[in-house]
Amino acid sequence: MKISIITVVWNNKNSIKNAIDSVLNQTYKNIEYIIIDGVSTDGTIEIVRSYGDKVSKFLSEPDSGLYDAMNKGIEQATGDYIIFI
């Protein structure tokens, strides 16, 4: 089974690295990792991009808040299960 893990973020450079590392250090290998960013201006985007293709999908665009961003993540997901962190 494929697991889609979605992280929704906006201007959180202090925590995004920990979230990404946590997902990438999982022992289960059939993971799709999606990060949805609300056009951060604090360096969050650069941190996410530094992981390259280790992040399956990265979308940074304006949204209408948390739930809009979560829905964008769901639209991108192709896994059998979806988890948000």
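**View 1. Leu-24 and its contacts: setting aside neighbours within four places in sequence, Leu-24 is in contact (heavy atoms within 4.5 Å) with Tyr-51 and Lys-54.** This is a predicted model, in which local features need pLDDT of at least 70 and side-chain atom pairs pLDDT 80 or more, while totals for chains, interfaces and linings use all residues. Residues are numbered from 1 along each chain as its sequence is written, and side-chain values use heavy atoms, without hydrogens or water. Leu-24 belongs to helix α1 (helices, H or I of at least four residues, and strands, E of at least two, are DSSP runs numbered from the N terminus). With a relative accessible area of 30%, Leu-24 is partly exposed (buried is under 20%, exposed over 50%, partly exposed in between; 1.4 Å probe, protein chains only). To place Leu-24 against another part of the chain, look for Ala-69: the two are 45 residues apart in sequence, and their C-alpha atoms are separated by 21 Å.

**View 2. The open sheet: four strands line up in the order β3-β2-β1-β4, with parallel pairing (strands pair if DSSP finds at least two bridges between them).** At the edges are β3 (57–60) and β4 (81–84), each of which pairs on one side only. On average, neighbouring strands of the sheet are turned by 20° against each other, direction ignored (axes are lines fitted to C-alpha atoms, for helices over the stretch in contact; angles run from 0 to 180 degrees between N-to-C directions).

**View 3. Strand β1 and its partners: β1 (residues 3–9) runs parallel to β4 and is joined to it by four bridges.** Seven bridges connect β1 with β2, again in parallel. Ile-3 is a handy residue to start from: its bridge partner in β4 is Tyr-81, and in β2 it stands opposite Ile-31. Further along, Val-8 faces Ile-36 of β2. In a regular strand the side chains alternate between the two faces of the sheet. How many of the residues of β1 are buried? Six of the seven are, leaving β1 mostly covered. In β2, six of the seven residues are buried, so this strand is largely enclosed by the rest of the structure.

**View 4. Helices on the sheet: α1 (residues 13–24) packs on it, touching β1 and β2 (31–37).** The direction of α1 makes about 165° with that of β2. Helix α3 (residues 66–76) lies across β1, β2, β3 and β4. Its direction runs at about 145° to β2.

**View 5. A nonpolar surface patch: Met-1, Tyr-28 and Tyr-81 together make a patch of about 360 Å².** Patch residues have over 30% relative accessible area and no salt bridge, with like charges joined within 9 Å and nonpolar side chains (Val, Leu, Ile, Met, Phe, Trp, Tyr) within 5 Å; areas are Shrake-Rupley values with a 1.4 Å probe, and for residues only the protein chains shown count as cover. Tyr-28 sits in the loop between α1 and β2. Its relative accessible area is 40%, so Tyr-28 counts as partly exposed. Tyr-81 may look familiar from View 3 as the β4 bridge partner of Ile-3.

**View 6. A salt bridge inside one helix: Asp-21 pairs with Lys-17, their closest N and O atoms being 2.9 Å apart (a salt bridge puts a side-chain nitrogen of Lys or Arg within 4 Å of a carboxyl oxygen of Asp or Glu).** By this rule the count comes to three salt bridges. Asp-21 and Lys-17 both lie in helix α1, four residues apart, about one turn of the helix. Asp-21 is partly exposed at 22% relative accessible area, and Lys-17 is also partly exposed, at 44%.

**View 7. A salt bridge from strand to strand: Lys-57 joins Glu-32, with the closest N and O atoms 3.3 Å apart.** This pair links distant parts of the chain, 25 residues apart, with Lys-57 in strand β3 and Glu-32 in strand β2. Is each partner buried or partly exposed? Lys-57 has a relative accessible area of 27% and is partly exposed, whereas Glu-32, at 4%, counts as buried.

**View 8. A salt bridge from loop to helix: Glu-61 meets Lys-72, the closest N and O atoms being 2.8 Å apart.** Here too the pair links distant parts of the chain, eleven residues apart: Glu-61 is in the loop between β3 and α3, and Lys-72 is in helix α3. Glu-61 is partly exposed at 30% relative accessibility, while Lys-72, at 12%, counts as buried.
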